[in-house]
Amino acid sequence: MEDKKMRQESQIAAVKKVFRYLGKYRIFLVFSMLLAAVTVALTLYVPKLTGKAVDYIVAEGLVSFPGVFKIMLQIGICTLITALAQWIMNVCNNKMTYQVVRDIRNEAFRKIEILPLKYIDSHPYGEVVSRVIADVDQFADGLLMGFTQLFTGVATIVGTLGFMLSVNVKITFVVVLITPVSFVVANFIAKRTFTMFKLQSETRGEQTGLIDEMIGNQKVVQAFGQENETLERFDEINGRLQDCSLKAIFFSSITNPATRFVNSLVYTGVGITGAFAVVNGSLTVGQLSCFLSYANQYTKPFNEISGVVTELQNAIACAQRIFDLIEEEPQVPETENALHLTDIKGHVDLTDVSFSYLKEQRLIEHLNLNVKPGQRIAVVGPTGCGKTTLINLLMRFYDVTGGRIEVDGTDIRDMTRQSLRAGFGMVLQETWLKTGTIRDNIIMGKPDASAEEIVEAAKASHAHSFIKRLPKGYDTWITEDGGSLSQGQKQLLCITRVMLCRPPMLILDEATSSIDTRTEVKIQNAFARLMEGRTSFIVAHRLSTIREADVILVMKDGKIIEKGNHESLLAKNGFYAELYQSQFALGTGPNASGIVPVDNSACC
Amino acid sequence: MKKLLIYLKGYKRETILAPLFKLLEASFELLVPLVMAAVIDKGIAGQDRPYIVRMCLVLVTLGIVGLACSITAQYFAAKAATGFSAALRHSLFEHIQNLSFTEMDRVGNSTLITRMTSDVNQVQSGVNLVLRLFLRSPFIVFGAMIMAFTVDVKAALVFVVTIPLLSIVVFGVMLISMPLYRKVQANLDKVLLVTRENLSGSRVVRAFNKEEEERERFEECNQTLTDAQKFVGRISGLMNPLTYILVNGGIIVLIYVGALRVDSGVLTQGQVVALINYMSQILVELVKLANLIITVTKAIACGNRIQNVFEMHSEMEDGLLEAGDVAAEEREAVVFEHVSLTYKEAGAESLSDISFRALRGETIGIIGGTGSGKSSLVNLIPRFYDATKGRILVDGRDVKDYKLEVLRDKIGVVMQKAVLFKGTIAENLRWGKGDATEAELLEALVVSQAKEFVDTKEGGLAFKVEQGGRNLSGGQKQRLTIARALVRKPEILILDDSASALDFATDARLRRAIQEMEDSPTVFIVSQRAASIQYADKIVVLDDGVMAGIGTHQELLESCPTYQEIYYSQFPKEAGADGR
């Protein structure tokens, strides 16, 4: 009960919010309602006119032509006005719905851009996308249907009732008494079919899971010749799906004929009572004919409204999901007098920094680190040890939970995010490219770069040679997430991106993991040039990088457990020494230089 | 879309019966105005109350019979539609499974998945609706016309003029709006794309301070979508008002004609009412039809998307050689003869003129830079792609002569990306060989250096792997995929950079264990680590798709500059010792 009440309350809240969005377009709303009223009234008036016309046409020689002509003219005028009103109403509803939807989508997207990364990291992309796309779409459908059908439906019911009452009260009662039966029937069926639909969507989900897994990894399926086995599994689910879909569809589709049957009962009821009334002389034939057509019109909206109500409920549920997103807490806003640092030297100070994603699980505690401009900081440790945590803090993707981080003596929370981030050049392990040309992707950090600068940067990162060989060179269009490029090529592009804007500080996250060692050497040379005089934070895998670092942070299980340079850490004989020794002891000889920690998942 | 209709074939009976019963129902509905006319003309005019009651009973009977017919029709329609979609899904799944790697690269997995799921569902509801209603509406429209003819031929001519005009409106609006709906869908795709990109790239977008720009990009796409939606809404919103005008115009003319005919004694009052009723029935049907058109339009668009998948054909022709057809006596397991490969729609060759031979039981190392064609080369052996020039021989026969199944049965492939499926470890390993015994599985685990960690997992072989192998580490997944390939005791084993997540010691132990297997396979090792291929019998060095050298480690170290460069970049100390 409590639950139901709460659900109702939140539904009401959602409806209110919808109206807030509608507020901007209330002129259209009012206009649309007026037009609906006009349309309905005139649509209902026409049968009355035809009824009158019929009464002018009694029998041979008993036809009043002037009367007939007058009515014909009236019908014609009514029709034209109705049609025009209907079209304008449609246009208004369309405009309103799609503009509200556009506003909601824009707001949702605006929110995505300022959501804390914590939210984005902890919600599957698909889920957020489905809110912005599918939910909004459903909502639009519901809203549009609500406008067009609910309005006119209710108006029709009220209108017909009025017209019928104006013609004959007794027969009107017959209609009013029988009609609700169709409601009851529809409801009865809907309740029964609910479980069938649930079973259907569960089975569908199961099948989609299998499709996702098998088609997604089709190459493996083919390599192992498992096509037939997979198909068998697929068919088994497919068969079950066929059965339960049949049940769900069939039982739910009974609704329509059943309510139509109720309608025909109404029609008959009107027929019999009406005919008797005519025989008694209390009704004319023309009135009966128009009554019959009212009876038809009156029952129709009932069927529609029961559909609209479920549709609207669905739309409101969808709206709630979107509003949840829109109302999500945004990232901590910048202070009003946040500094905009322009000439960053690259002095980074971490004072007593503590951080944890979850309260129970403390990751970084009381970390102190003083980085002078131009120094190199290497972060080492097994994969999954939380090396990216430090990057998250430096770039202010996450805020520290204790202590402070300063760049050139300013707490990073006191400067604009924009100036902080512009100070860093970042290459992440997971390459990300957007749909657009190669050029678009390279100039992200420096939109006004000249063609020469771009080529120069691409040459420096050894991307130029492969870009040149693409069908349209720098203007080659790449699709979602760089689809046709190899992992290594994508990474080269990401490096080029940073090469182009030459920021004072660098963050390199296992940036070279998908590039073969030979190319990597070239890139590292380029990076070495880039790093000269620049503060760099490197999540390192290669021993050479590590040995050259000024400070090495050794991480394990998300915590920084050791700090120092190569020699001092070796002398300490702790985890770093162990890691280092294991590489040499297990490697192919004292020459092994690739420090590749256990289970590093640098593949992919 | 049309070609998809063959999947209704198994449901011929239902496909015919469903509309038939629907038409039966409609015919009963068409009789209603006639009965009413009789009530007016005979019952009311003759003051015959029993007659009125009788006729109303007839109406109720018509309603009941109509209900029965309609429910039967719904059943057959549902049966045909679900049967249709099940058959369609089956064929589509089978078809996709047989697409070659070239086609799959071109289309991408994600759209194949949406086509298999939501598109098929849309088509299913489309078929269901068409069977139920699409025939019904034209039938009522024409039925009403025919009934009008039975009432009065001259008055019925009004119908003959109105109906074609109505069809022009209905089909005209439909034809104009259909491509517009497609455009709306395409615009929606763009909005979706930008949203997705900004979620997956949130760090990069923020790192480069691109929030504002991305927002503008989104709003632009969103506005285009809104405009397209409004435009199509305006067009399809014309349908109802236009049909309304036509039908009421028809009624006006009917009244006039009726007045003339009644006046001259040809028609009765009740008959005029019947004629007007028929015209109104047409209007009601058309309104229903208009609401359906969107669903059907969508279904057709989705059907065409599915049809496109069916039209994609694997360009690979299957060979004829059966398993027993090749004597395993050939000394050369794999031979490349002047092989070149150009990927579809690619500008340049990815492999050019590669020739080498691998003897039975040899280990071949393949090394080279990113994009140098290492994976392309090994992908040619199990015929994932076809060479565009030259040929590849396995056991002395061209790979194109083998039946694909037979060829791939000989080969164990471990791909770069370690993919495991939902199910137990044992189930995953049996992908390699369906009837493998537990002993065989354990043996493969020992060789792949995976036994140790599998033993620590709860249930061992029965340990449940989650979808995508989420509950295993990268190195564990790699070792299991190697074990999976080993279970089938392949004649040829291809390791495509598949030990990258293993430390050197494990990697070395793995290679030794493979060497020591009885009937040790011919092994191809693709790697970026010189250490992994150093001890191979032959090393193929690739540089930009061209073979830069072939030979043993020592030979290459002396003669091949590319190899030297790679090797010394990884073993710099040695470079210092004998390089300078």
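Reader: What makes residues 180-216 of chain A a helix, and how does the reach of helix 7 compare with the span expected?

Author: A helix here is a DSSP run of H or I with at least four residues, a strand is a run of E with at least two, and both are numbered from the N terminus. Helix 7 of chain A has 37 residues, so the minimum of four is met. The expected span is 1.5 Å times one less than the number of residues. For helix 7 that comes to 54 Å, and the 51 Å from the first C-alpha to the last is close to it. This is a predicted model, in which local features need pLDDT of at least 70 and side-chain atom pairs count only at pLDDT 80 or more, while totals for chains, interfaces and linings use all residues. Residues are numbered from 1 along each chain as its sequence is written, and chains are lettered from A and ligands numbered from 1 in the order in which they are written.

Reader: Where is helix 7 of chain A kinked, and what is the angle?

Author: The kink is centred on Thr193(A) and is about 35°. The bend at a residue is the angle between two fitted axes, one for the seven residues ending there and one for the seven starting there.

Reader: Which residues of helix 7 of chain A are called buried?

Author: Ser182(A), Ala186(A), Thr193(A) and Gln200(A) are among them, as are Gln207(A) and Ile211(A). Buried requires 20 or more other C-beta atoms within 10 Å of the residue's own; exposed is 12 or fewer, partly exposed is in between, and C-beta atoms are placed from the backbone.

Reader: Why is Arg396(A) called buried, and why is Arg502(A) called partly exposed?

Author: Arg396(A) has 20 other C-beta atoms within 10 Å, so it is buried. Arg502(A) has 13, and is therefore partly exposed. Each has a positive phi without being a glycine: about 60° at Arg396(A) and about 40° at Arg502(A). Most residues other than glycine have a negative phi. Arg396(A) sits in the loop between helix 12 and strand 4 of chain A, whereas Arg502(A) is in the loop between helix 17 and strand 9.

Reader: What makes a set of residues a nonpolar core, and how many residues has the largest?

Author: The members must be buried Ala, Val, Leu, Ile, Met, Phe, Trp, Tyr or Cys residues, joined through C-beta atoms within 7 Å. The largest has 130 residues, and Phe139(A), Phe291(A) and Leu275(B) are among those with the most contacts inside it. Helix 3 of chain A gives the most to this core, with 16 residues. Another core, of 115 residues, lies apart from it and includes Phe250(A) and Ile392(B).

Reader: How many residues of chain B are in contact with chain A?

Author: Contact means that the C-beta atoms of two residues, placed from the backbone, lie within 7 Å. By that rule 133 residues of chain B touch 128 residues of chain A. Helix 2 of chain B gives the most to the side of chain B that touches chain A, with 24 residues.

Reader: How do you know that residues 242-259 of chain B are a "transmembrane region"?

Author: The name comes from an unreviewed UniProt entry, which lists 242-259 among such regions of chain B. UniProt positions follow the numbering used here, feature names are shortened, and annotations may be inferred rather than shown by experiment. In the model this span is 100% helix, with its end C-alpha atoms 26 Å apart.
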